[in-house]
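User: I am new to this structure and would love a close look at a single part of it. Could you take me through how the helices of one chain pack, and then set that beside the rest?

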Amino acid sequence: MPADPMPLLDVRNLCVSVPANGGMIRLVENVSFCVDEAEIVGLVGESGSGKSVTAMALMGLIDSPGVQVRGSARFRGQELVGMAPRALRALRGRDIAMIFQDPMTAFTPVYTIGWQIDEQIRAHERLSRRAARARTVQLLAEMGVPDPARTAQRYPHQLSGGLRQRAMIAMALSCNPTLLIADEPTTALDVTVQAQILELLRGLRHSHGSSVLLITHDMGVVAQTCARTLVLYSGRMAESGPTATLFARPAHPYTAALLDSIPPLYGPRPHRLPAIAGLPPTPRERPAGCAFGPRCAHVHATCLPAPPALASIGPGQQAACVLPAEGTPLPPRATAQATQP
Amino acid sequence: MIPTLLRRLGQTLFVLFGVSVLVFAVFFATPGADPTARIAGRNASPQIMEKVRREYGFDRALPVQYMTMMKKLFITRDLASYADRGELVVPQIEQAAPVTACLVCGAAFIWVSASIIMGTLAAAFRDTWVDRTLMLAGLVGISIPVFWLGQVTNLITQSRYHDTWLFSWVPGLGYVPFSEDPGGWFRALVIPWVVLAVMFIGIYSRVLRADLVALAGEDFMRTARAKGLSPTRVMLRHGLRTALVTFVSLFGLDFAQLVGGGALLTEVVFGLPGVGRLTYRALTNLDLPVIMATVMYSAIFVVVANAVVDMVYLLLDPRVRDAR
Ligand SMILES: Nc1ncnc2c1ncn2[C@@H]1O[C@H](COP(=O)(O)OP(=O)(O)OP(=O)(O)O)[C@@H](O)[C@H]1O
Ligand code: SF4
Ligand SMILES: [Mg+2]
């Protein structure tokens, strides 16, 4: 692909396995995706689908004993998988920053917010305490924290969840990272705060030129935020493609099912949302064939012997399902509900 | 923070009062036993009995008896031990307390430093041979009885190998006041310090390791690593600093009970005239005033030490600071 500019992050066949019962189980299997400069990419899937493991593997943050990370993840051409710890540490927090799901527990309880942001700045740049604090206060102000100088002197437990998440984002942005990995940044927050935080993340592309890998299990969030989307199921890629395409013409039944479970943005909320029956298999008890098989309405004989390979569907869209290749693709979404029995 | 401290002070005073009443009640207001005979000691003559009865007001109401006892303990400080030929009790405790304090403080310094180093190293090198060796050493330390260890070190350093270069510096058993001879003070105490510290090193290093390992799975530790901090910094500034909160509360209790007489075995083995040994002697002589005074002293110490720990806790943990 000589014409393509190098993507900011290029992940190919990322596999993460941990030892269990004498063998290795794959938590994440052959995940591939790209994040371009100043792009927001969504990583969606139900709980346990391996979203956090993927993100942590990119950051080199998985420290369970015996963990194996395979495949390739190139960040601006540098290979992250197997990078020397010291080099990786220099990238972490400076070029790739991460914010976590639960702002309640993500700060060390015994230090002030400001101290912790200063710490990150000073870990990567030679700055005096005072200069670091000035930047901290400015960042907090940019993130819409009221009275930033005083907030910086407060302890994590003294702030509300929304403020803490803003402080977390301020800390993540403190060294101007080119890539921000946000692991369910809004899940623990209430709806209005959630909207504000998403707005903040969308604005980062312009204000800081940062790309964002947004992890969520909420298709609604994806629709509002991400240019491209990657759907994970049981540690494998189910589908990926431009968000608009995915929403209009999902090629994988799992994507379609996730889309059906979005509450409508406007109008009366239905009494109950159509949830996908059953639970995703844990990495340990994944079936031999398509991992979604046991819950799929379209499951048939060809799905069962081996996991379907990821196949190209349209421009930029890929899905790991046998239906399109067999000439019976899912109908486009507008009519999807009507044709279903 | 100031109101919190004042409130804590008030609580402490109240608890102290409660403790003193309780101690008094246990020793002198137990129904069916004549406190006069207990104070006067075995085989006291009727004259002495009469003197004691009047001196302590045992023929008067209980609150008066309590007040008299407290006055004798804390104000006139002339509580006398009849079993020991009228020797005053309070000065005995005042003499013994510094010995115990020196013993326990030195040991505490050793066990805190050693266990922090061992626990942190073990957690940092978790599941490697470093970890296993250190924790095994800790377990051994916990299982050695302090009097046995004391006897064995005495045997080695005082007699068996005393004349070799290794142990010829070891002075005979006993205590040397710091004000008389700092060097001698140190030489007299260094072995008791280590012996007393051994068990606590074992306990504390294991507790600290367990705490640090549990903390390693916490979100904020992951955040610290995601910030690009070095493993050492993550371990010390984030992990250890947070673990210190529990460490301090554990320490406060052990320290208080040791200063309050819990170092008895070590004091007896090494012939150190501390509070523990004083209690021990009083117990063997059934010297009631001394027993009561030492119990009172250690109760006071435990309560005060607890208050101090709470203050340190306030300093260490901002969450507690706001919760009160
Ligand atoms: N260190 C580990 N060792 C073994 N199994 C793990 C480890 N970390 C995660 N897992 C397992 O891997 C699977 C994927 O976990 P992961 O945390 O990535 O899910 P997720 O998609 O982030 O879900 P959630 O929405 O709940 O955050 C889960 O089944 C989890 O139990
Ligand atoms: S491969 Fe078969 S089971 Fe899997 S999603 Fe497609 S139709 Fe359903
Ligand atoms: Mg997760």
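Analyst: Happy to help! Let us start with chain B of this predicted model, and with how confident the predictor is in its parts. Within chain B, helix α6 (residues 129-143) has the highest confidence, with a mean of 94, while helix α2 (residues 35-40) has the lowest, with a mean of 76. Taken as a whole, chain B has a mean pLDDT of 87, and 98% of its residues reach 70 or more. For the complex, the predictor gives an ipTM of 0.86 and a pTM of 0.84.

Helix α6 of chain B is a good place to look closely. Its partner here is helix α8 (residues 182-216) of chain B: the two axes come within 7 Å and cross at roughly 135°. An angle over 145 would count as roughly antiparallel, so α6(B) and α8(B) are oblique to each other. The crossing in which α6(B) passes α8(B) is left-handed. On the α6(B) side, the contact is made by B:Asp131, B:Met135, B:Gly138, B:Leu139, B:Gly141 and B:Ile142. Facing them from α8(B) are B:Val198, B:Met199, B:Gly202, B:Ile203, B:Ser205, B:Arg206 and B:Arg209. Sorted by class, this contact of α6(B) with α8(B) holds six nonpolar, four polar and three charged residues.

A second pair in chain B is worth following too. Helix α5 (residues 89-124) of chain B and helix α13 (residues 288-316) of chain B have axes that come within 10 Å and cross at roughly 50°. That angle makes α5(B) oblique to α13(B). Here the crossing is right-handed as α5(B) passes α13(B). From α5(B), the residues making the contact are B:Val89, B:Gln92, B:Ile93 and B:Ala97. From α13(B) come B:Pro289, B:Val290, B:Ala293, B:Thr294 and B:Tyr297. By class, the contact of α5(B) with α13(B) has seven nonpolar and two polar residues, and no charged ones.

Now let us set chain A beside this. Chain A averages a pLDDT of 86, and 93% of the residues score at least 70. Over residues 335-341 of chain A, the pLDDT is below 50, and this stretch has three contacts in the model beyond near neighbours in sequence. Where pLDDT is low, the predicted coordinates should not be read in detail.

Chain A also offers a helix pair: helix α3 (residues 113-124) and helix α6 (residues 161-173) of chain A pack at an angle of about 20°, with their axes 9 Å apart. These two helices, α3(A) and α6(A), are therefore roughly parallel to each other. The crossing of α3(A) past α6(A) is right-handed. A:Ile113, A:Gln116, A:Ile117 and A:Gln120 of α3(A) meet A:Ala167, A:Ala170, A:Met171 and A:Ala172 of α6(A) in this contact. Six of the residues in the contact of α3(A) with α6(A) are nonpolar, two are polar and none is charged.

Last comes a ligand site. Ligand 2 is surrounded by 13 residues, and the closest are A:His252, A:Cys290, A:Cys296, A:Cys303 and A:Cys321. The shell around ligand 2 divides into ten nonpolar and three polar residues, with no charged ones.

Notes:
Residues numbered from 1 in each chain as written. Chains lettered and ligands numbered in written order. Predicted model: local features only at pLDDT ≥ 70, side-chain atom pairs only at ≥ 80, totals over all residues. Heavy atoms only, no water. pLDDT = per-residue confidence, 0-100. Helix = DSSP H or I, 4+ residues; strand = E, 2+ residues; numbered from the N terminus. Axes fitted to C-alpha atoms, helices over the stretch in contact; angles between N-to-C directions. Parallel < 35°, antiparallel > 145°, perpendicular 65-115°, else oblique. Left-handed = near helix turned anticlockwise from the far one by under 90°. Contact = heavy atoms within 4.5 Å. Nonpolar A, V, L, I, M, F, W, Y, C, P; charged D, E, K, R; others polar. Near = heavy atom within 4 Å.
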